[in-house]
Amino acid sequence: MKLHDLRPKPGARHRPKRVGRGIGSGHGKTSTRGHKGQWARSGGAKGPGFEGGQTPLHRRLPKLRRFTNAPFKKEMAIVNVGDLARAFEPGATVTPEALLERRLIRDLPADGVKVLGDGELDRPLAVRAHRFSEKAAEKIRAAGGTVEVIAS
């Protein structure tokens with residue numbers, strides 16, 4: 001069998017209904033639209049947003065014209081000093097790459113790593129990060145460590 005041999009089963013295909021072609025066709029005059037009414041008229045179909053006269057959804061919802069600073073939001077990975085105490089031995093150098101390696105952060109975001117002051121630090125660490133909270137820097141220095149800000 002070849003592609004040009006394929007035919008639909010007999011009776012599967014119907015001739016299209018030809019409306020508006022005179023009284024003898026059986027589909028003349030009103031062309032199967034019936035008498036009067038919305039659907040009998042040209043242009044009688046309402047648009048896709050029409051809800052039967054109810055105020056349509058696009059008019060019920062408020063206009064969204066607010067200003068937002070969201071595009072300028074800084075995306076930073078957050079680490080607490082308590083996490084550093086558990087993950088690093090005394091005298092270690094803490095860098096964003098080391099944090100990633102020890103899975104304290106998931107990835108290195110574009111705006112860097114910020115160290116926050118939650119938890120206790122009992123060992124001296126040399127911490128390099130993009131940002132530090134005041135409390136975090138204070139706790140690291142109090143434990144005998146150093147704080148170095150990485151310029152981003």
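This note covers the annotated domain, a small set of paired strands and three salt bridges in a predicted model.

1. **Annotated span.** An unreviewed UniProt entry assigns residues 78-148 to "domain: Large ribosomal subunit protein uL15/eL18". The C-alpha atoms at the two ends of that span are 16 Å apart. Helix makes up 31% of the span and strand 25%.

2. **Sheet.** An open sheet is built from 3 strands, in the order E1-E3-E5, with parallel pairing. Strand E1 (77-80) and strand E5 (131-132) are the edges, each pairing on one side only. Strand E3 (residues 113-116) pairs with E5 over 2 bridges. In that pairing, Lys 114 stands opposite Arg 131 of E5.

3. **Salt bridges overall.** The whole structure holds 5 salt bridges. Points 4 to 6 take up some of them, including Glu 51 with Arg 60.

4. **Glu 51 and Arg 60.** Their side chains meet at 3.1 Å, N to O. Glu 51 is partly exposed at 28% relative accessibility. Arg 60 is also partly exposed, at 44%.

5. **Asp 83 and Arg 86.** This salt bridge spans 2.6 Å, N to O. Both residues sit in helix H2 (residues 81-87), 3 residues apart, about one turn of the helix. Asp 83 is partly exposed at 23% relative accessibility, whereas Arg 86 is exposed at 66%.

6. **Arg 128 and Glu 148.** Here the side chains meet at 3.3 Å, N to O. The pair links distant parts of the chain, 20 residues apart: Arg 128 is in strand E4 (residues 126-129) and Glu 148 in strand E6 (residues 146-149). Arg 128 is partly exposed, with a relative accessible area of 31%. Glu 148 is partly exposed at 39%.

Notes
Residues are numbered from 1 along each chain as its sequence is written. This is a predicted model: local features need pLDDT of at least 70, side-chain atom pairs count only at pLDDT 80 or more; totals for chains, interfaces and linings use all residues. Side-chain values use heavy atoms; hydrogens and water are left out. UniProt positions are given in the numbering used here, feature names are shortened, and annotations may be inferred rather than shown by experiment. Helices (H or I, at least four residues) and strands (E, at least two) are DSSP runs, numbered from the N terminus. Two strands pair if DSSP finds at least two bridges between them. Buried means under 20% relative accessible area, exposed over 50%, partly exposed in between (1.4 Å probe, protein chains only).
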